[in-house]
Amino acid sequence: MKTIDDYIKESISYRKILNKIRRDDNVREVYEKYPDLAKIDEEIIASRKDVMIRILRKENRSENEFEREDKLLLKREDFIREHGIDSNFDSPCVTCNLCKDIGYVLNEKGSKRVCSCMNQEYEECVLASGMQDYESIRLEGYSKSKSSSRIREAVKKEICDLLAAEASDRATSICIYSDYASSGKTYLAICLCKLAIMTCRSAYYCKAESLGNFSDDGYYGMMDSCKNCDMLIVDDFSSDVAKLFKTASALSELLEIRNMKGALTILVTREPVSELRDDIDYRIEGKLRSARVLGDIK
Ligand SMILES: [Zn+2]
């Protein structure tokens, strides 16, 4: 699957090419206007070449050579100052001052976050991570619409903690998030999936039912993402959906693979956990018995 890292890397390599062209244009423009500066720079380069050849021949650098380069550098400095030329005209160009074209910024705790200059790449990654129907759910809107739901807040905190932990530190990587219908489960799931991508993890969102739709276009691409992402959210999970033969097979395989890797899988359901566990397909039952129940604040 294509992760946010892949999107950023692609974009950064293209940006580097553009920055190199910009820098070369700047230099050419200044040299055309001030040919004497171009000559000084040529002399500096020639002097450095001589030194390199000497080093390769294992010959010592003479005092005259040191002096020659120092004099040329001083001459260059004076020329630039006298003609009011920008002293950074030949420095590498940077498009984003926030991340210095790395694509990420670090917070005070040292955690990575996608830089704002990579918003387009982030949006593309979100759309390719199963959230194409949820463009309107924005991370910025979460705090404003925060409900008084204690369960939802507890789940949010738990998932953030689990995401931050190393796979090997998690007692179990399969989690169940159960709450009433229309309690905002999907909204929270989408926000957390987007947050995971914003903090440079790979995450994927799908509906449980879609796991059984083998004939759908892009099914195998989706399954590949479901198997390999750092965090998978399976929404609308229920014992009924899990009774469908193909869905149960796909789910069983997914949970097996992801559990072995310690990759976080969150099953979102409106069914009470006890009912779910009692009425589930035998291939999944064992994995649900040992799953962690999120938001268990009663
Ligand atoms: Zn940036």
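What follows is a walk through a predicted model of one chain, from its overall build down to a few single residues.

The chain has 10 helices and 7 strands. Its radius of gyration comes out at 29 Å, well over the 19 Å that the globule rule gives for 298 residues, so the chain is more spread out than a compact globule. Along the principal axes, the C-alpha atoms fill a box of roughly 90 × 45 × 40 Å. Two domains turn up in the domain assignment: domain 1 covers 13-82, and domain 2 covers 133-293. Between the C-alpha centres of these two domains there is a gap of 58 Å. As for burial, 26% of the 298 residues count as buried. Contacts across the sequence are counted here at a separation of 6 or more, and 79% of them join residues 24 or more positions apart.

Next come two helix pairs. Two packed helices are described by the angle between their axes and the distance between the axes. The first pair to look at is α1 (residues 4-33) with α4 (residues 119-131), where the axes are 9 Å apart and the packing angle is about 140°. The crossing of α1 past α4 is right-handed. On the α1 side, the contact is built from Ile4, Tyr7, Ile8 and Ser11, while α4 brings in Glu121, Tyr122, Glu124 and Cys125. Sorted by type, the residues of this contact come to 5 nonpolar, 1 polar and 2 charged.

The other pair is α7 (residues 219-228) with α8 (residues 245-261), whose axes cross at roughly 35° and come within 9 Å. Here Met223, Cys226 and Lys227 of α7 meet Ala250, Leu254, Ile257 and Arg258 of α8. That makes 5 nonpolar residues and 2 charged ones, with no polar residue in the contact of α7 with α8.

Helix α8 also holds Phe245. What is the setting of Phe245, buried or exposed? Phe245 is exposed, because it has 9 other C-beta atoms within 10 Å, and a residue with 12 or fewer falls in that class. Further along the chain sits Met260, 15 residues from Phe245 in sequence, and the C-alpha atoms of these two are 23 Å apart in space.

Back in helix α4, Ala128 is worth a stop. With 18 C-beta neighbours inside 10 Å, Ala128 counts as partly exposed. Tyr204 is 76 residues away from Ala128 along the chain, yet their C-alpha atoms are separated by 8.5 Å. Another residue of α4, Tyr122, takes part in the contact with α1. Tyr122 can be paired with Glu153: the two are 31 residues apart in sequence, with 25 Å from C-alpha to C-alpha. Glu153 itself belongs to helix α5 (residues 150-164). It has 15 C-beta neighbours inside 10 Å, so Glu153 counts as partly exposed.

The loop between α3 and β1 is home to Gly84. Gly84 is classed as exposed because it has 6 C-beta neighbours inside 10 Å. How far is Gly84 from Lys246 in space, C-alpha to C-alpha? The answer is 73 Å, for two residues that are 162 residues apart in sequence.

Lys100 shares that setting, lying in the loop between α3 (63-82) and β1 (104-106). Its backbone stands out a little: phi of Lys100 is near 55°, a positive value in a residue other than glycine. Lys100 has 12 C-beta neighbours inside 10 Å and therefore counts as exposed, since the exposed class takes in residues with 12 or fewer.

A positive phi also appears at Cys200, which is not a glycine either; the value is about 70°. Cys200 is placed in the loop between α6 (185-198) and β4 (203-207). Which exposure class does Cys200 fall into? Its 18 C-beta neighbours inside 10 Å make Cys200 partly exposed, because that class lies between the exposed limit of 12 or fewer and the buried limit of 20 or more.

Key: Residues are numbered from 1 along each chain as its sequence is written. This is a predicted model: local features need pLDDT of at least 70, side-chain atom pairs count only at pLDDT 80 or more; totals for chains, interfaces and linings use all residues. Domain bounds come from an automatic or database domain assignment. Helices (H or I, at least four residues) and strands (E, at least two) are DSSP runs, numbered from the N terminus. The radius of gyration is taken over C-alpha atoms; the globule rule is 2.2 Å times the number of residues to the power 0.38. Two residues are in contact if their C-beta atoms, placed from the backbone, lie within 7 Å. Axes are lines fitted to C-alpha atoms, for helices over the stretch in contact, and angles run from 0 to 180 degrees between N-to-C directions. A crossing is left-handed if the near helix is turned anticlockwise from the far one by less than a right angle, and right-handed if clockwise. Ala, Val, Leu, Ile, Met, Phe, Trp, Tyr, Cys and Pro count as nonpolar, Asp, Glu, Lys and Arg as charged, and the others, Gly among them, as polar.
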